[in-house]
Amino acid sequence: MRMEMRVETGVYGLDELLDSGFRPNTVNVVLGSTGTGKTIFSLQFLLKGLERGEKGIFISFDMDVKDVVDVASAIGWEEVEDYVDSGMLVINKFYAENVSYINNDLLTFIVSESGETTRIAIDSFTPLISSLSYEMRNDVNWFFSKLREAGTAVITLEEPLNGDMSEPSVVIPLFLGDSVIQLKNIGYGEAFNRTLRVIKHRGSWHAEGVFPYRILEGLGMIVEGGEFVESMREPVDLNQTLEKAGIKREKIDKDMLKKLQRVAESRTARAEEIIVNILKKYA
Ligand SMILES: Nc1ncnc2c1ncn2[C@@H]1O[C@H](COP(=O)(O)OP(=O)(O)OP(=O)(O)O)[C@@H](O)[C@H]1O
Ligand SMILES: [Mg+2]
């Protein structure tokens with residue numbers, strides 16, 4: 001069974017889709033076109049940590065402190081300014097043209113500001129890597145490893161308006177990120193106007209499919225539909241499952257038994273059915 005602590009995202013309804021949240025000390029990519037809510041996501045993620053006494057670092061290449069505080073106030077999070085005043089939240093605007101990965105002020109800043117438990121948001125990461133080539137994959141990998149050491153990070157990525165996702169500046173962070181969440185705004189209106197999808201979550205279960213979300217004053221981003229996910233349940237008892245199916249434990253080889261024990265403990269939906277089917281077919 002999973003014993004690892006999780007970092008709650010702060011986005012209502014999202015933790016359910018990630019098996020309780022982000023894994024600690026990871027880089028989590030939020031991919032979305034303009035206006036999908038990347039900045040609100042970043043702020044909501046930091047605010048969740050601030051509310052429980054964790055430090056927050058907000059890095060932008062477009063917005064300075066005042067701009068960020070304004071966005072936060074508009075959605076009803078006036079306390080963001082108080083967190084800035086108290087030093088719990090640091091917001092810094094960098095100039096992308098002055099920043100390179102290696103030996104840069106940005107990383108020095110993040111590392112020096114990070115405390116014991118720190119949430120970092122880089123909104124957005126795109127200006128930093130817009131001129132990226134595939135050869136720079138190692139640099140980004142190195143940068144991500146430093147971010148993981150400093151805390152749990154959300155970096156937002158701008159999805160190109162022309163839909164071309166094959167550019168290295170999109171592909172590389174998507175591959176190197178520990179999780180990828182895609183936000184979409186189809187513009188059709190109604191329930192599925194805005195949708196969220198978890199593309200990957202390394203080392204963890206995640207929900208499949210698309211989920212509608214809304215952005216509301218006060219609460220920020222709310223993801224709906226988690227209650228329909230066939231997800232985590234109680235672990236099942238392997239011996240009972242075998243007994244019920246009339247399968248003798250002694251007849252199953254040791255390696256297979258070990259794998260099935262893991263399935264039984266993993267709280268996977270339909271675990272019993274899967275175990276019995278595998279045994280019928282392969283054992
Ligand atoms: N106070 C608010 N009340 C309701 N909805 C809001 C509010 N503030 C923002 N929104 C919604 O959130 C959307 C933008 O969110 P956000 O700024 O986080 O997007 P973004 O992905 O960061 O966009 P950009 O490409 O401009 O950086 C707005 O278009 C609006 O629909
Ligand atoms: Mg934004």
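**Notebook: ligand 1 and the sheet**

I began with ligand 1 and listed the residues around it: Gly 32, Thr 34, Gly 35, Thr 36, Gly 37, Lys 38, Thr 39, Ile 40, Ala 74, Ile 75, Ile 215 and Glu 217. I keep in mind that this is a predicted model.

Next I asked which elements give two or more residues to this shell. I found helix H1 (38-51) and helix H2 (65-75). H1 gives the most, with 3 residues.

I then sorted the shell by residue character. I got 4 nonpolar, 6 polar and 2 charged residues.

Then I turned to the sheet. How many strands does it have, and in what order? I noted an open sheet of 9 strands, running E3-E2-E4-E5-E1-E6-E7-E8-E9. Its pairing is mixed. At the edges I found strand E3 (89-93) and strand E9 (220-223), and each of them pairs on one side only. I also looked up the turn between neighbouring strands: on average it is 20°, with direction ignored.

I followed the E9 edge further. Strand E8 (residues 210-216) pairs with E9 in the antiparallel sense, over 4 bridges. I looked for the partner of Ile 215 in E9, and it is Met 221. I had already met Ile 215 among the residues around ligand 1.

Last, I checked what packs on the sheet. Helix H4 (residues 105-113) does, and I saw that H4 touches strand E2 (55-60), E3 and strand E4 (118-122). The direction of H4 makes about 165° with that of E2.

Methods. Residues numbered from 1 in each chain as written. Chains lettered and ligands numbered in written order. Predicted model: local features only at pLDDT ≥ 70, side-chain atom pairs only at ≥ 80, totals over all residues. Pairing = 2+ DSSP bridges. Axes fitted to C-alpha atoms, helices over the stretch in contact; angles between N-to-C directions. Contact = placed C-beta atoms within 7 Å. Near = placed C-beta within 6 Å. Nonpolar A, V, L, I, M, F, W, Y, C, P; charged D, E, K, R; others polar.
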